[in-house]
Every structure is written in structure tokens, then in C-alpha cells.
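Open the model in your viewer and keep the sequence panel beside it. The stops below say what to select and what is found there.

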Amino acid sequence: QKMPPSLPATINIREPRWDQSTFQGRAKHFFMVTDPRNLLLSGATLEEARRVVEDYRAGTIHPGLTEDQLWRAKYIYDSAFHPDTGEKMILVGRMSAQVPMNMTITGCMLTFYRTTPAVLFWQWVNQSFNAIVNYTNRSGDAPITPSQLGTAYVSATTGAVVTALGLKSLTKHLPAIIGRYVPFAAVAAANCINIPLMRQRELQLGIPVTDENGNRLGESTAAAQKAIFQVVVSRIGMAAPAMAIPPVIMNMLEKRAFLKRYPYLNAPLQVGLVGLCLVFATPLCCALFPQKSSMPVSSLEPEVQDQIRKKDPWLETVYFNKGL
């Protein structure tokens, strides 16, 4: 029996499989990264993927390993391990948990929006989940202290809850359909508060910037600002279809006899509709900006520019992980 030809050692698995300069390539990449089935993989499967990827990067190729198996291992590895620290990420904080978690939380936010205790509870649940996701998918490898984490979490959650309750009181005398959009407005506002707060250390100390080959050149707060802005836009975009389309459909269905006869189907229907939107919105909105983002050296802070010019006077562009 013939052995399959050995894999070349030149496949660049530090980068995604598809061209990240195109939206289509980024979308294919994020459909793999956000695949909820990755959550079902055992610890042994994750460790095996890590071993395959780290060995290949070190120049050791496992006998019989095919290119498809190598890429599969890379995507399993990427779904569970942080790109900057290499640590295994908290299960609910991984991008593969986005669809099932957001589907449940958003569905409940859209279903139980009429009473103040329900608004309070679901906004708190949502912001607690967001805080875990924002911390898990932060950029860079600088540690964050428990007190910083606690302050950021309390500030972000309070901001979201106050926004939701404020908007809810404003819509009391408006048509019912407007009231259904309060959760989305609160989520959009909360993302603008939660993400910068949970990643405030990056805004204070900067995130690592590298050249095209991944050589670290320094830390930049300007890069952190761009990274966080891109993530905020992506997250609001991710929530928009799931929180904008189901309310219209549910508003129509609630006027029909069917839901009046079976009111217990309201929540499952809402969760199902949200899930359908999120399956597509999550990877497509993650793909709005490249994961390995870039900016001109001339846009960095003067002291970082000087630091880079000493190392490489001709370098024009730096790269950084924007986080998710």
C-alpha cells in the first residue's frame, strides 16, 4: 500500500486558509471559526489539534497528515485557543458559542420585554455574557487584574441596564412595534460601553503591533482604538438582523389566531427566528474587517513611530489582532 506523499513544510497556518483581503475569504474563515459544532469537541480532540498545529509550526510533520487534516486541526485549534496568549479559552467565551448563547439570550430579551424586572434580568444576563466574550476575545497578551475586570463589568452592565430602562420608559406611549426594538437599541448602546470598558487595558497600554511576518515592533494605543471600534461595529451588525427581523414577524404572527391559540409557542418561535438570523449574521459581521487588521505607521503615536523607525526605517504598514 502506497503511503500518501508527505506534506510540504511551507503551508502558512499562522494565517487563515482563505484570502483575508476579500470579504468572501473572511466569511469562509469565520463560518469555520463560529461553527457551534466546535463546542462539542472533547478536550482530547482539542489537545490533539494543538499538538498537530504546534508540531507543524516547529517543522515536525505527523506521518500521513493531509493538507485538509492540517487545516481542520488549525481551525479546531483557533476555535479554542487565544491567538495571542495560546491559552485555552472559556467555553462560553469562544466565538463558536456565539450562536447558541446569543440565540437563547436575544430570543428571551425579545420575548420578555414588557415588564421592568424582565428587562433588568435579561439585560444583566446579556451583558454578563458579553463581558465574558469581550474578555476572552481581547487583543494582546497583557494581563488584566481582577479589580479592573470587576470595575469594567459593573460599569458596562449598569450602563446597559440604565439605557434599556430609559428607552423602555420613553416608548410607553408609542406603538407596540417600537417597544419591541428597545432591546436592540439597548444592546447597541451597551456594546459601545461594554467593549471599550472590558478592553480598557488595551486603550491605556496599547496592543502589540507587528510587521507582515509577525515580528513584534511595540504596543500602540492608536491600534487599540481602531481594533475596538471595528469590534463594536461588527457586534452591533451581528445583533441587528437577529433583533430587527424577528420582531416584525412576531408582531404579524401575534395578530393571527394561531399564536393566540398556542401562546406557549411565542418564546420557542422567537428563539428559533433569532437563531436562524445569527447563524448567518455572526460570521458575516465578524468578516466585515480582517482579523489581522492593519494601519499605516504614520497613523501611530509619535513615540511608537520613532521606535519602529529605529528597527525598520522603510516600514509603511503595521499589523495587529483586532480581537473579536
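Begin by selecting G275, which sits in helix α12, a helix that covers residues 266–286. Keep in mind during the tour that this is a predicted model. G275 counts as buried because its relative accessibility is 4%, and the cut-off for buried is under 20%. Now show what surrounds G275: beyond its neighbours within four places in sequence, it is in contact with V99 and M103. Draw a C-alpha to C-alpha distance from G275 to V99; the viewer should give 6.5 Å, although 176 residues separate the two along the chain.

**Helix α4**

Next, select residues 98–111, which form helix α4. Three residues of this helix are worth a stop.

Start with Q98, a residue of helix α4. Is Q98 buried or exposed? Q98 counts as buried, because its relative accessibility is 2%. Leaving out neighbours within four places in sequence, the contacts of Q98 are M103, F129, V133, M238 and T282. Display those side chains together with Q98 before moving on.

Then go to P100, also placed in helix α4. Its relative accessible area is 29%, so P100 is partly exposed. With residues up to four places away in sequence set aside, P100 touches P36 and L39. For a long distance, pick P175 as the second atom: the C-alpha atoms of P100 and P175 are 31 Å apart in space, with their positions 75 residues apart in sequence.

The third stop in helix α4 is T104. T104 has 41% relative accessibility and therefore counts as partly exposed. Which distance separates the C-alpha atoms of T104 and V271? They are separated by 5.9 Å, while the two residues are 167 residues apart along the chain.

**Helix α5**

Select residues 116–136 to bring up helix α5, and pick N130 inside it. N130 counts as buried because its relative accessibility is 7%. What does N130 touch, apart from neighbours within four places in sequence? It is in contact with N191 and N194.

**Helix α3**

Move to residues 67–80, helix α3, where Q69 is found. Q69 is at 44% relative accessibility and so counts as partly exposed. From Q69, draw a line to V52: the two C-alpha atoms are 9.3 Å apart in space, and the residues are 17 apart in sequence.

**Annotated spans**

Now colour two ranges taken from a record. An unreviewed UniProt entry lists residues 227–249 and 269–289 under "transmembrane region". In the model, residues 227–249 are 100% helix and 0% strand, and the C-alpha atoms at the two ends lie 35 Å apart. For residues 269–289, the share of helix is 86% and that of strand is 0%, with 32 Å between the end C-alpha atoms.

**The whole protein**

Finally, clear the selections and show the full cartoon. The protein has 13 helices and four strands. Turn the model along its principal axes: the C-alpha trace spans about 65 × 60 × 35 Å. The radius of gyration is 22 Å, which agrees with the value near 20 Å for a compact globule, since the protein has 324 residues.

How much of the protein counts as buried? The share is 48% of the 324 residues. Among contacts with a separation of 6 or more, 75% join residues 24 or more positions apart. The pair G275 and V99 from the start of the tour, in contact and 176 residues apart along the chain, is one to revisit here.

Switch to a surface view. The protein exposes about 15800 Å², and carbon and sulfur atoms supply 63% of that area. Then colour the surface by charge: there are 32 positive and 23 negative side chains, and the centres of the two sets lie 13 Å apart.

Terms used. Residues numbered from 1 in each chain as written. Predicted model: local features only at pLDDT ≥ 70, side-chain atom pairs only at ≥ 80, totals over all residues. Heavy atoms only, no water. UniProt positions renumbered as here; feature names shortened; annotations may be inferred. Buried < 20%, exposed > 50% of the residue type's maximum accessible area, 1.4 Å probe, protein only. Contact = heavy atoms within 4.5 Å. Rg over C-alpha atoms; globule rule 2.2 N^0.38 Å. Areas by Shrake-Rupley, 256 points an atom, 1.4 Å probe, with all protein chains shown as cover. Lys, Arg positive; Asp, Glu negative; His and termini not counted. Charge placed at Lys NZ, Arg CZ, Asp CG, Glu CD.
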